[in-house]
Amino acid sequence: MTTTSLVVEHKIIQRTSIARRIVMGVIFLALAAVIFFVFASSTHTGQTSTFGMTPGGITQGTLPDWIIPSQFTLLLISVMVALLAAYQLFRGFGKWTNAILGVSVLLFIFAFLTYASAGQSMNLIGIFRSTILLSVPLVLGAFSGVLSESGGVVNIGIEGMMLMGAMTGSVVGSVTKNIWLGLIAAILSAVLLALLHAVLSIRYKVNQIISGTVINIFATGMTTYLSEKLLQPLQYLNQPPLFPRIAIPVLADIPILGPVLFNQNIFVYAMFIALIVLQIALFSTRWGLRLRSVGEHPKAADTLGINVFKTRYMAVLLSGAMAGFAGAYFTLGSVGHFDEVMTSGKGFIGLAAMIFGNYTPIGAFLAGLLFGFADALGSKLQILGSLISPYFMAMLPYIVTMIALAGFVGKVHAPDADGAPYEKE
Amino acid sequence: MDNKTKKNLEQLDESGKILLDELSHPSLSLKPGGKQKKESVLLIPALAIFTGLLVGAILIIFTSPEVYQGFAVSFFTGLSAAGGAVANAYSSLFKGSIFNPSTVITAFQTGKSTDIMSAFNPILESLVSATPYIFTGLAVALGFRSGLFNIGVEGQYYIGAAVATYVGFAFTGLPAYIHMPLAFLAGALGGALWGFIPGWLKAKTGGNEVINTIMMNWIAINLTTWLLSSGPLQRPNSNGAPISPEVLPTAQIPRFFPAPTRFHLGFFIALAVAFLVYWVLFRTTWGFDLRTVGANTSAARYAGINISKNIILAMALSGALAGMAGANQILGVDHAMSTSVSAGYGFDSIALALLGNSTPIGVVFASLLWGVLNNGATQMMFTASIPISIISVIQAFIIIFIAAPAVIRSVYRIRISKVPENQVTLSSWRGDKS
């Protein structure tokens, strides 16, 4: 009995891996075909793509422009991807498949950039820099989600918490003329909203989606109300200081990496620190194990003496703090004043990044970076007059998240007790 | 028989019991007799609304400069300034949404029919603004009854509006009695498609409908912005401004009174649809299947109900209702689509379904309240210079108190009812794990 079931299981695994191998191979082949038939065939011989290597306003770590022949490069890339596809179809990369998928996608993006800038010039470093800047709120928002959902509490109120943090940061920063007080106030205001979410969903066991929606409606209404009633007539309430760019010595002089990563404001550095701290804390400390156990199986955690309610409160409040920090980025790190509904759905893209990143900090970071890149590229393409509308680029994060969720590429694993209120017996 | 099979059988027995229960005791909300049931059906919402308005009053007091100036003079002056600010705000809300008593009296004194008409325009306008809420509230309520959380009403609304707009201006030469229903149903179909996708994904891949509908909302918003600014819905010579051409007069939902009164047939269509939803949900086997899937998936499976089919059906129907809301706004009120076609109907609809306890009649009354609040808020902005967004704050508090009745109970010291509440069951983030 046991042996037969084992054999059956083995067969199923083999079959799915064959199906997966072929699906992946076809995907690679499709990428190669698009590069060859769409990109390469619409460029002419002799056309060149110019990639600018000078970020605006930064003098450290610059390089001369990089000029490549468009058509030759595209043909070369399409042949490379086609070779990868052939190997995948006939032999298979096995456990390296996902890595090769990543490589092919990167090659595809590079091919697309080459095609889009054929006969023109595109500031590559500029795109990378804005990718980082645009992904900061997405990544921090996704981290906020990871914190809360690891503990088993769904948080779709990230958008509202970010919005509240953005306004509070701006007002307190303007009134006190102290940017750090503004930052702290932004975090605290979002933590207060998170406390509301926690009390509603943990103590009163309100459906967590409803509770999160309430946070969003409340924050949108409240910030818009206060902005119209107070910030517009009293302009001095909405002129906070802005965090300056800090060039890290030595590192900022590295070509490409320097201007992109090491010559940014504290929000960017904080994002990287948060990534490392969260990844280690969640998966390599006792604290993280407890948090995740509460998210996966609260009853078992309770039996082992972990205080489920306390742990969940902590998770939601930390999530709020992260969202407030992300919100402060808008007013104190980027725009310099508060606009009504200025988060414009960034919290929801953060949510998407969290899911696409499979509920882990590193995954959320990479997904947020990808979505930020799509955003940066979208606005760049609009300037270059490309065929692809920026609205379609803006849809990309949501579409790929739905595909990931459906399990077409790999299975997303949410914490098991995510969204279920815990009832102590 | 090994242990596992035994356990499975026990579970099946359990679900059979639940099914029998559902069969023999129809939903509580159908017969709201008895003191305890009345409490949860009427008292809690009434207190929630009252408390929400109270919170709004506090917000008005704290953000009115007159109040601070008054308190600078003396405590009593400050107090009366606070009272004055709130009374001014809420009386203009009443005048703007129901009627202005003094205008009504003068209108009847002069006896001119146009004066009388315009004196009652506020309440008619409230009905106009309640109409889309009825559709969207029904959309969420139908989802709740089927155990699904359709948070994608906003997106389905956008798609419904876009499709109705297209049919409204592109199909020429049709008589009104065909064109208008066609455009309206096309909008419903557009919404249904947008609801079908997450429903299908849930049934076939287990992808959670909450996440998928949130994603579909943003896809819909970007898609319609593209359609309006550079796609097929773009108005010629609009210079890239995201606005569609006007729908043809034959596609417009007829209005009952001359301009500026906008009261139109859509309100009665909404009431008819509400009755239809009630009839389908509570009077047909079809609706019974939907509700059984919503109440208890394993019981439904035990009874041989096709879960996948019902999930897809429920999401598509819910989307169709949301699409009707979009069509109604385009064909009845706006006559052309712009990106500001929705005033957050999708998210408010969750509140409406909760407020109406997910029953069609409850949703209709909740929508009337929402219509009154939103329409009155416009007047409140003009006469008392209170930003419209205060309504969102009030609404947020109403949802909190409805969703967490324990909060209201502890504030007003109401005894906890012994009868279990008729709460709609919702799956968790990952979906049901039966």
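I take helices and strands here as DSSP runs, a helix being H or I over at least four residues and a strand being E over at least two. I note at the outset that the model is predicted.

**Chain B, overall fold.** I looked up the secondary structure of chain B with those runs in mind and found 18 helices and zero strands. I then checked burial in chain B, whose length is 434 residues, and recorded 52% of them as buried. For the contacts in chain B between residues at least 6 apart in sequence, I noted that 77% join residues at least 24 apart.

**Chain A, domains.** I turned to the domain assignment of chain A, which gives domain 1 as 16-119 and domain 2 as 129-406. Taking the centres over C-alpha atoms, I found domain 1 of chain A and domain 2 of chain A to be separated by 32 Å. Where they meet, I listed seven residues of domain 1 of chain A in contact with 13 residues of domain 2 of chain A. The domain 1 side of that contact holds four nonpolar residues, three polar ones and no charged ones.

**Chain A against chain B.** I asked next which elements of chain A give two or more residues to the side that touches chain B. Before answering, I recorded the extent of the contact, which is 40 residues of chain A with 38 residues of chain B. The elements I found are α7 (208-231), α13 (346-356) and α15 (390-406) of chain A, and α7(A) gives the most to this side, with 15 residues. Sorting the residues of chain A that touch chain B by character, I entered 26 as nonpolar, 11 as polar and three as charged.

Key. Residues numbered from 1 in each chain as written. Chains lettered and ligands numbered in written order. Predicted model: local features only at pLDDT ≥ 70, side-chain atom pairs only at ≥ 80, totals over all residues. Domains from an automatic or database assignment. Contact = placed C-beta atoms within 7 Å. Nonpolar A, V, L, I, M, F, W, Y, C, P; charged D, E, K, R; others polar. Buried ≥ 20, exposed ≤ 12 C-beta atoms within 10 Å, placed from the backbone.
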